[in-house]
Amino acid sequence: MGQNESAVSLKGRRILLGVTGSIAAYKAAQLCRLLVTAGAEVQVVMTPLAKQFITPLTMATLSKHPIRVEFFDPENGAWHSHVSLGEWADCYLIAPATANTLAKMAAGIADNLLLTTYLSARCPVVVAPAMDLDMYAHAATQQNLRTLAERNVRIVEPAEGELASGLHGKGRMAEPETIAAFVGELLTEKKKTLQGKRFVVTAGATIEAIDPVRFLSNHSSGKMGYAIAGELARRGAAVTLVSGRTSLDVPSGVERVDVLSAAEMYDAAVEAFKQADGAVLCAAVADYTPAEVADRKLQKGDGEMTLTLKRTRDIAAALGADKGDRLLVGFALETHDEQAHAEAKLHKKNLDFIVLNSLRDAGAGFRVDTNKVSFIDRSGREELPLMSKTEVASRIADKIENHLRACYAASQSKTTR
Ligand code: PMT
């Protein structure tokens with residue numbers, strides 16, 4: 001057994017493996033073997049074209065189950081129910097996933113068993129795209145992947161390398177070991193790894209009143225911050241979510257404090273941080289607020305109007321100045337010179353790491369269900385692919401856990417010296 005094979009445990013898990021018509025289908029055999037070796041029960045559904053690339057006999061032998069391709073068995077008329085297949089699985093993994101299948105999934109087309117099963121599946125769905133570099137880079141494919149990510153389909157990014165066409169670029173299906181590890185991670189029950197810890201999370205937009213009718217604000221929906229609060233709570237942390245106005249439900253197990261203005265958010269966050277082990281500052285907070293708020297509606301005149309703004313107080317900087325050995329994570333939303341701006345904020349606000357998202361990346365930033373972020377800390381930058389905000393939240397929580405573990409190890413080695 002190879003090193004990677006033993007790393008994944010899928011004992012008792014039921015995985016439906018979908019195979020589509022790509023040259024990478026030969027890797028589905030190795031993937032199936034890895035999943036079975038890791039303890040999973042695997043059933044395979046193939047598109048008719050996939051049979052041209054790898055035989056059903058190979059897949060049936062490796063999965064120890066008959067293969068499903070058609071809606072019924074032409075020999076005896078037995079019906080292959082896509083609904084029960086979707087209900088049976090703990091995870092529906094489509095690998096390789098061609099550009100054609102991804103497009104049909106995004107459009108809701110159901111012209112084969114693999115696709116009808118996708119539409120009926122209630123379990124997490126994972127796709128491992130495989131195609132030529134230009135097909136992968138094409139705006140239509142990228143849009144389809146964004147659509148699927150927004151619907152919470154997990155994407156195992158293809159790798160760069162030599163392609164079947166002889167060209168070199170991004171589009172090769174990820175290696176079977178990588179895909180098996182991804183599924184293993186997805187299906188592993190999250191342990192209460194943050195039990196006993198308390199976090200403050202800020203989320204959403206602030207609202208700065210101009211008069212009783214008008215205000216200054218921004219486009220933040222709160223989705224990113226709510227996903228983080230929910231993920232930290234799922235891992236056992238006590239979470240105070242200081243939230244600007246949003247239409248989102250409070251995540252389970254989270255205590256929410258509603259605020260409107262940057263000043264109110266400042267007060268609530270500083271207060272909650274007194275008892276906390278750390279904070280994640282995801283809110284889009286106004287940097288300026290009207291110097292004076294009119295108590296009556298401002299009436300329009302014929303000419304221009306000048307509004308005088310004054311600086312708000314910076315929550316991240318205030319918590320950073322008082323953080324001691326507690327953990328502080330900030331966000332940076334940029335439109336240009338992303339790295340330099342994020343690094344400047346990391347140092348100025350005394351953050352442990354900063355999550356950079358750029359409005360130049362499609363599918364990133366305000367309102368959407370996906371994000372494309374990089375983590376920047378004092379040791380460098382880690383760039384993540386486009387993924388759902390739920391997944392970004394999970395990666396942030398992983399990084400927080402790693403940080404806490406490193407701090408604990410450092411404190412232990414100090415006391416034993
Ligand atoms: O809410 P969504 O629609 O899901 O969108 C998510 C998001 C784009 C709002 C989020 O991913 C994000 O980037 N949040 C931070 C946006 C921002 O205001 O960044 P900034 O570069 O202006 O601020 C840097 C950091 O300082 C942030 O952690 C911010 O919360 C914090 N800050 C800023 C000003 C202030 N007065 N107090 C602060 O704490």
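## The ligand and its surroundings

Start with Ile 315: one of its backbone N or O atoms sits 3.1 Å from a nitrogen atom of the ligand. Keep in mind that this is a predicted model, so the distances here are computed from predicted coordinates. Two side chains make polar contacts as well. Ser 221 has a side-chain N or O atom 2.6 Å from an oxygen atom of the ligand, and for Lys 389 the distance from a side-chain N or O atom to a ligand oxygen is 2.8 Å. On its own the ligand has 780 Å² of accessible area, and the protein covers 96% of that.

How many residues surround the ligand? There are 29 of them, and the closest are Ser 220, Ser 221, Leu 281, Lys 345 and Asn 357. Two of those names come back elsewhere in this report: Ser 221 through the polar contact just described, and Asn 357 as one of the buried residues of strand S17.

## Strand S17, covered on both faces

Strand S17 runs from residue 353 to 358, and 6 of its 6 residues are buried, so the strand is largely enclosed by the rest of the structure. In a regular strand, side chains alternate between the two faces of the sheet. For S17, Phe 353, Val 355 and Asn 357 lie on one side, with Ile 354, Leu 356 and Ser 358 on the other, and both faces are covered.

Which way does S17 pair with strand S16, parallel or antiparallel? The two pair in the parallel sense, with 6 bridges between S17 and S16 (residues 327-334). If you want a spot to look at, Phe 331 has Val 355 of S17 as its bridge partner.

## An open five-stranded sheet

Towards the start of the chain, 5 strands make an open sheet with parallel pairing, in the order S2-S1-S3-S4-S5. Strand S2 (41-46) and strand S5 (154-155) are at the edges with a single partner strand each, so one side of each has no neighbour in the sheet. S1 (residues 14-19) is joined to S2 by 6 bridges, and the two run parallel. Along that pairing, Ile 15 faces Val 42 of S2.

Helices pack against this sheet too. H4 (residues 56-63) lies across S1 and S2, at about 165° to S2. H7 (residues 113-120) touches S1, S2, strand S3 (91-97) and strand S4 (125-129), and its direction makes about 140° with that of S3.

## Helix H7 and its neighbour Thr 101

Why call H7 largely enclosed? Because 7 of its 8 residues are buried. The buried ones are Leu 113, Leu 114, Leu 115, Thr 116, Thr 117, Tyr 118 and Ser 120. At the N-terminal end, Asn 112 acts as the cap, with a side-chain oxygen 3.1 Å from the backbone nitrogen of Leu 114.

Thr 101, in helix H6 (residues 99-107), has 3% relative accessibility, so it counts as buried, the cut-off being under 20%. Setting aside neighbours within four places in sequence, Thr 101 contacts Thr 20, Leu 114 and Leu 115.

## The whole protein

Zooming out, the protein has 15 helices and 21 strands, and its C-alpha trace spans about 80 × 70 × 40 Å along the principal axes. Of its 417 residues, 48% are buried. Among contacts with a separation of 6 or more, 67% are between residues 24 or more positions apart. The protein exposes about 20,600 Å², with carbon and sulfur atoms supplying 50% of that.

How values were computed. Residues are numbered from 1 along each chain as its sequence is written. Side-chain values use heavy atoms; hydrogens and water are left out. Two strands pair if DSSP finds at least two bridges between them. Helices (H or I, at least four residues) and strands (E, at least two) are DSSP runs, numbered from the N terminus. Contact means heavy atoms within 4.5 Å. Axes are lines fitted to C-alpha atoms, for helices over the stretch in contact, and angles run from 0 to 180 degrees between N-to-C directions. A residue is near a molecule or strand if one of its heavy atoms lies within 4 Å of it. A polar contact is a pair of N or O atoms within 3.5 Å; within protein, one must be able to donate a hydrogen and the other to accept it, and residues adjacent in sequence count only if both atoms are side-chain atoms. Accessible areas come from the Shrake-Rupley method with a 1.4 Å probe; for residues, only the protein chains shown count as cover. Buried means under 20% relative accessible area, exposed over 50%, partly exposed in between (1.4 Å probe, protein chains only).
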